[in-house]
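The following exercises introduce a structure step by step. Each task is followed by a worked solution.

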Amino acid sequence: MSLRTMARNSYYQSAHWRALKRATHERDGWRCVVPGCGSSKGIVCDHIRTRPNVDHPTPFDVLTNTRTLCGTHDRKVKETASGQRRGGGALFVQGTDEHGRPRDPAHPWNRPRP
């Protein structure tokens with residue numbers, strides 16, 4: 001679903017969506033849930049499994065199918081016109097900390113040594 005389609009979908013103006021969005025942000029501490037990110041800038045409520053483009057609540061519109069993402073991570077997995085998620089939907093943290101170590105907890109340098 002493109003941003004234009006989403007903007008025209010009246011579900012995103014409904015009380016149901018507003019309550020679900022607020023509950024998602026509260027559950028996630030108003031921060032991006034990508035491990036190692038935690039940004040609170042430009043957060044959005046993202047459906048993990050894409051909801052159908054209909055103007056009413058669906059079984060996909062539940063707390064267990066939503067997450068808080070920062071704008072950067074949301075753009076990395078946003079659906080394309082074909083309905084597929086960019087990057088296969090995989091989320092990861094890019095960059096390094098002040099010591100030059102990768103911020104991504106799954107990076108090989110951050111794994112425990114055997």
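**Exercise 1. Confidence**

Determine which elements of the protein chain have the lowest and the highest mean pLDDT.

Solution. Helix α1 (residues 3-8) has the lowest mean pLDDT, 52, and helix α2 (residues 15-27) the highest, 97. Here pLDDT is the predictor's confidence in each residue, from 0 to 100; helices (H or I, at least four residues) and strands (E, at least two) are DSSP runs, numbered from the N terminus. The model is predicted, and local features need pLDDT of at least 70, side-chain atom pairs count only at pLDDT 80 or more, while totals for chains, interfaces and linings use all residues. Residues are numbered from 1 along each chain as its sequence is written, and side-chain values use heavy atoms, with hydrogens and water left out. For the protein chain, the mean pLDDT is 83, and 80% of the residues reach 70 or more. Over residues 1-5, pLDDT stays under 50; the model has nine contacts (heavy atoms within 4.5 Å) for these residues beyond four places in sequence.

**Exercise 2. Cysteines**

State how many disulfides a search of the whole structure finds, and explain why C32 and C37 are not bonded.

Solution. The search finds zero disulfides, a disulfide being a pair of cysteine sulfur atoms within 2.5 Å. The cysteine sulfur closest to that of C32 belongs to C37 and is 3.8 Å away, which is too far for a bond. C70 is likewise in no disulfide, the nearest cysteine sulfur, that of C32, being 3.8 Å away. C32 is buried at a relative accessible area of 6%, and C70 is buried at 4%. Buried means under 20% relative accessible area, exposed over 50%, and partly exposed in between (1.4 Å probe, protein chains only).

**Exercise 3. Aromatic rings and R51**

Identify which residues the ring pairs link into a cluster, and where R51 lies with respect to Y11.

Solution. The whole structure holds three aromatic pairs. Rings of Phe, Tyr and Trp (its six-membered ring) pair if their centres lie within 6.5 Å; planes under 30 degrees apart count as stacked, over 60 as edge-to-face and the rest as tilted. Y11 and Y12 form an edge-to-face pair, at 5.4 Å centre to centre with 70 degrees between the planes. Y11 is buried at 0% relative accessible area, and Y12 is buried at 12%. Ring pairs join Y11, Y12 and W17 in a cluster.

R51 belongs to the loop between β1 (44-47) and β2 (66-69) and lies over the face of Y11, 4.0 Å from the ring centre. R51 is buried, at 3% relative accessibility. A polar atom of the R51 side chain lies 2.8 Å from the backbone oxygen of H56.

Conventions
Lys NZ or Arg CZ within 6 Å of the ring centre and 35° of its normal. Polar contact = N/O pair within 3.5 Å; in protein donor to acceptor, adjacent residues only side chain to side chain.
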